[in-house]
Amino acid sequence: MLHGIYKNKLLLSALLLSSLPAMANVVNGNFEQWTGNTPQAWTVIDSGINVSANSAVVSTGLQAAAISVNTGTQSNTDFLQQVAVEMGKTYEFSVDVYHTEGHLEARLFIDDYQGYSNPALTNQWQTITYSYTADSSKTIDVGLRFYDTSGFDGSELVYVDNFYLIMTAAAVLQAAQITALLLT
Ligand SMILES: [Ca+2]
Ligand SMILES: [Ca+2]
């Protein structure tokens, strides 16, 4: 009996070690780190948008990204970084967006085009989320693309903050495995 408990504890320890959170993360998703007006880790900033640090309209911390969208050409408005994901794991992505004039949509990009913000919600923060399950271990593009809507006058400011991910499936799987072990 003691032997069995000891074995289970060893298994449990190994399991906990192997299920420590992976390194997947959105780097500088809180937009607190800047080099001049370039947010660190955001490697794709298309020429149709102009990004700057701002501390006036903030969702988390002391700063957010102020993004001026200066074109209706959607393929020129990407704002991205790369994130490594692991096969079979589910990642819940979330970002806060703040519209000003209301003639612009922010579209979440998580390995592909996902959901839109609601441009009618102006002068307030809204959250866009997407649950992504990786079908292989790889590096994916993560970020936003901006789309003009009716009434767009050629330039509109949008604020972005609090871009992050949490892993969901790993925690659920871990709990299930521990339960199974304890019942053994
Ligand atoms: Ca922030
Ligand atoms: Ca405008």
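Colleague: Which residue is the bridge partner of Val-44 in β6?
Modeller: This is a predicted model. In it, β3 and β6 run antiparallel, joined by 2 bridges. Ile-45 stands opposite Phe-79 in β6. For Val-44, the bridge partner in β6 is Leu-80.

Colleague: And in β11, what is the bridge partner of Leu-80?
Modeller: β6 also pairs with β11, in the antiparallel sense. That pairing runs over 8 bridges. Within β11, Leu-80 is matched with Gly-143.

Colleague: Which strands stand at the edges of the open sheet?
Modeller: The sheet has 5 strands with antiparallel pairing, in the order β3-β6-β11-β8-β9. An edge strand here has a single partner, so one side of it is left without a neighbour in the sheet. The strands in that position are β3 (44–45) and β9 (113–116).

Colleague: Which side chains of β6 point to the buried face?
Modeller: Side chains alternate along β6. Asp-78, Leu-80, Gln-82 and Ala-84 point to one face and are not buried. Those on the other face are buried: Phe-79, Gln-81, Val-83 and Val-85.

Colleague: Which residues touch the most other members of the largest nonpolar core?
Modeller: Nonpolar side chains tend to be buried together in soluble globular proteins. The largest nonpolar core here has 31 residues. Elements giving it two or more residues are β5 (64–69), β6 (78–85), β7 (90–99), β8 (104–110), β11 (138–148) and β12 (156–167). The members touching the most others are Ile-67, Leu-144, Val-158 and Val-160.

Colleague: What does Ile-67 touch, not counting residues up to four places away in sequence?
Modeller: Ile-67 is one of the residues that touch the most other core members. Val-158 and Val-160 share that standing, and Ile-67 touches both of them. The full set is Ile-49, Val-51, Phe-79, Val-158 and Val-160.

Colleague: Why does Thr-71 count as partly exposed?
Modeller: Thr-71 lies in the loop between β5 and β6. A buried residue needs 20 or more other C-beta atoms within 10 Å, and an exposed one has 12 or fewer. Thr-71 falls in between, because its count within 10 Å is 17.

Colleague: What separates the C-alpha atoms of Thr-71 and Tyr-147?
Modeller: Leaving aside neighbours within four places in sequence, Thr-71 is in contact with Gly-48, Asn-76 and Thr-77. Tyr-147 is 76 residues from Thr-71 along the chain. Their C-alpha atoms are separated by 8.9 Å.

Conventions
Residues numbered from 1 in each chain as written. Chains lettered and ligands numbered in written order. Predicted model: local features only at pLDDT ≥ 70, side-chain atom pairs only at ≥ 80, totals over all residues. Core = buried A, V, L, I, M, F, W, Y, C linked by C-beta atoms within 7 Å. Helix = DSSP H or I, 4+ residues; strand = E, 2+ residues; numbered from the N terminus. Contact = placed C-beta atoms within 7 Å. Pairing = 2+ DSSP bridges.
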